[in-house]
Protein chains: 2
Amino acid sequence: MNNFIYDIPVKVYFGEDQLQHLGEELSKFGKHVLLTYGGGSIKKIGLYDKVIAEIKKAGLEVVELSGIEPNPRIDSVRKGAQMCKDHKIDVLLAVGGGSTIDATKFMAAGACVDFDPWDFLNEKQASVEKALPIVTILTLAATGSEMDCGGVISNPETNDKIGRLDSKMLPKVSFLDPSNTFSVSPYQTACGSSDILSHIIEVYFNMNQDLYMLDCVMEGLMKTVIKYAPVAMREPDNYEARANLMWTSSWAINSFIDGGKRQAWSCHPMEHEVSAFYDITHGLGLAILTPRWMEYCLNEQMVSKYVQFGVNVFGINPNQEAMIIAKQAIAALSDFLFKTLGLKSSFTALGIDRTHFETMAEKSVKLGALKYAFVPLDKEDVLRIFEMCL
Amino acid sequence: MNNFIYDIPVKVYFGEDQLQHLGEELSKFGKHVLLTYGGGSIKKIGLYDKVIAEIKKAGLEVVELSGIEPNPRIDSVRKGAQMCKDHKIDVLLAVGGGSTIDATKFMAAGACVDFDPWDFLNEKQASVEKALPIVTILTLAATGSEMDCGGVISNPETNDKIGRLDSKMLPKVSFLDPSNTFSVSPYQTACGSSDILSHIIEVYFNMNQDLYMLDCVMEGLMKTVIKYAPVAMREPDNYEARANLMWTSSWAINSFIDGGKRQAWSCHPMEHEVSAFYDITHGLGLAILTPRWMEYCLNEQMVSKYVQFGVNVFGINPNQEAMIIAKQAIAALSDFLFKTLGLKSSFTALGIDRTHFETMAEKSVKLGALKYAFVPLDKEDVLRIFEMCL
């Protein structure tokens, strides 16, 4: 078992009608607020008005940056960082899903430096020495950005989509109101749930000796997604389903479940290349890749983890040969993603063909992470997995 | 489902050889350290010397308060609070188990007031306006005090044993090195494990509509205790077993698993009276009480929770009548506590008779919590449960 440091000082207001605390929390950091959001869905659900009302009530001044894209782009980050400087912003308030929160994190860091914020992400890997404080109001259960210190930013000019973690970008306070996700469409709910599941699978499929306790926790989180994602798709305003998905999204990736596991992720680096080239929804790309990756990596040495997954998460009969159980586990996961959640099951169905496979595979392995994954993968391996996804 | 605020900003260094960070963490709070510990076992295991070396290396000044009792007493708290004032202490370093950490929390609060710290606990319930910062080094996996904001203090003059929570007393940093628990005896390991299990059961047995996700997490934590407590008893220096028990102890009671459940605990208020009168180990008292309490509270309305517990934690065959499963679940828990852990199974075996039952039952219900428990209990109920424990 590896040592680890647990340090997640994010304060979370969970539930309905907690926005009354927004003003008091923002005020702890100063008077000038940059409000960031996406395409305006927060206006449709009435959240924007509530947020503005609370900000005004607290006597704070607000400037706004809207239009942050899904797969958020470095140009939005640049604009936000500049606005922070121009308006002497004290605190950033991100209202939205993972894209808005991710972009806001790099604005908060970019506000504190003189160089281009893309340098945090490209090969320069500029150090994040500090960042302005961030408060979030979550409207989509998926990326866990509300309780972690990472973000993923796209640069369409270079077809790059790159993630970066730094504790300085951890939100100070996050407001998680499940009813703010009632308007999330069944399709986006499915994509978000696939993303949550992938965050757990990336850590769970690990042969390190580690904390059994956390394996149990991860199995519980996965069972929660499997139980409630279909409910939330059928009944968008089922509070219990939305609440379970929302709190699970935060704990799937806030680093608690890692418990010192040092293994690099597998499907995320591959998917980032797919969505960098085709701008598809992250969770959809993960859904297509994950079962193929599991199939590709399955061997005698690793099979025990597949068995544990199949038996404890999907309730597969343990009294069978290990390889049989493993294959049933992959099939059960595929069924969940493609039948229960109804996600498209192949690249072909999304209009993705081999055109960019070579470049995408090369970029997937460029940063070297896949060398340290569950099963180490090189470019040829990634190409084969992409082929399986067609 | 109820709303809740999640706010646990405790930084945890988990694993071996993390004490190199002790000096840097203490120094954040100042130069003057009050080191608190119990009967000296930290000297036997060599931990004391390591701690002193790190403190000296960081150039800090230390005064010591040793001899903190199991079931820590208000006199120790008074002494520690006074030492904080006399020596202008900046930070308290508690090295030990729950007793030492609990007492240290009230010293830290007591250092900031002019009145007797017992007033935090007695019917005055004096407000905890502030507390000096606390750092802990844990040597026993049990109470979870290293990551929660509560403590329980005894007053032998009045036969009182009272708990109190306040976020101001939350440790800033805790060092959790599983190897610091290698020397914990099989008996104390059993008592600690019973305590951890009870913390989870007190929350889990709840009929509120709540987060299924957290039920899954709790089941995982309980399975972890059931799997690893016997291993740690048989092989005291099994790192994996000690690590699992240690991290589980923190998460069993740091409030994460509550998720807004508002229900009062049942066995703890009763046990506090038992150990206030007889000075027995808390976890032992809980072990004797818990299965009897479960038996006493079992009825048609509550049986579904017993079934969930039996099936998901003990793997009991679900294809039976609910009441049968519930009784098998209670039997499985009793077997675990009294056979696997080898704890004494009755008050009689501890020399406890009816002498103080009336007073103990009366005090159990005095603060009113049992009125809001899983099954509301009055004095007569508690008396009957005590009788069942004979």
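Start by selecting Pro9(B): of the residues of chain B, its C-alpha comes closest to the rotation axis, at 2.0 Å. Keep in mind as you click around that this is a predicted model. What is that axis? Chain B can be laid on chain A by a turn of 180 degrees and a shift of 0.0 Å along the axis, with an RMSD of 0.0 Å. That is how a two-fold axis relates two copies. Both copies also use the same surface, as 97% of the contact residues of chain B recur in chain A.

**Where the chains meet**

Now colour the contact between the chains. You should be looking at 34 residues from chain B and 33 residues from chain A. On the side of chain B that touches chain A, the elements giving two or more residues are strand 1 (4–6), strand 2, helix 7 (212–234) and helix 8 (239–251) of chain B. Which element gives the largest share of that side? Helix 7 of chain B does, with ten residues.

Zoom in on Lys223(B), which sits in helix 7 of chain B. Is Lys223(B) buried or exposed? Lys223(B) counts as buried, because it has 20 C-beta neighbours inside 10 Å and 20 or more within that distance is the cut-off for a buried residue. Leaving aside residues up to four places away in sequence, Lys223(B) touches Val313(B) and, across in the other chain, Cys216(A). For a sense of distance, select Leu170(B) too: Lys223(B) and Leu170(B) are 53 residues apart in sequence, and their C-alpha atoms are 27 Å apart in space.

**Over to helix 7 of chain A**

Hop to residues 212–234 of chain A. Helix 7 of chain A has 23 residues and reaches 34 Å from its first C-alpha to its last, close to the 33 Å expected at 1.5 Å a residue. Follow the helix along to Tyr228(A), where there is a kink of about 30 degrees, shortly before the proline Pro230(A). Helix 7 of chain A is mostly covered, with 17 of its 23 residues buried.

**A strand with two partners**

Next, show strand 2 (residues 11–14) of chain B together with strand 1 (residues 4–6) of chain A. These two pair in the antiparallel sense over three bridges. Look for Tyr6(A), which stands opposite Val12(B). Now add strand 9 (residues 173–176) of chain B: it runs parallel to strand 2 of chain B, and four bridges join them. Here Tyr13(B) has Phe175(B) as its bridge partner. While you have strands on screen, remember that side chains in a regular strand alternate between the two faces of the sheet.

**One side of a helix**

Select helix 14 (residues 379–389) of chain B and highlight its buried residues: Asp381(B), Val382(B), Ile385(B), Phe386(B) and Cys389(B). Why do they lie on the same side of helix 14 of chain B? It is because they cover an arc of only 140 degrees around the axis. An α-helix has 3.6 residues a turn, so residues three or four places apart point the same way. Among the elements covering those buried residues of helix 14 are helix 9 (267–278), helix 10 (282–297) and helix 13 (357–366) of chain B.

**Last stop**

Finish at Glu64(B), in strand 4 (residues 61–65) of chain B. Glu64(B) counts as partly exposed, because it has 15 C-beta neighbours inside 10 Å. Add Gly80(B) to the view: Glu64(B) and Gly80(B) are 16 residues apart along the chain, and their C-alpha atoms are separated by 9.1 Å.

Note on methods
Residues numbered from 1 in each chain as written. Chains lettered and ligands numbered in written order. Predicted model: local features only at pLDDT ≥ 70, side-chain atom pairs only at ≥ 80, totals over all residues. Pairing = 2+ DSSP bridges. Buried ≥ 20, exposed ≤ 12 C-beta atoms within 10 Å, placed from the backbone. Arc of directions from axis to C-beta. Contact = placed C-beta atoms within 7 Å. Least-squares fit on C-alpha atoms with pLDDT ≥ 70 in both. Expected span 1.5 Å × (residues − 1). Bend = angle between axes of the 7 residues up to and from the residue.
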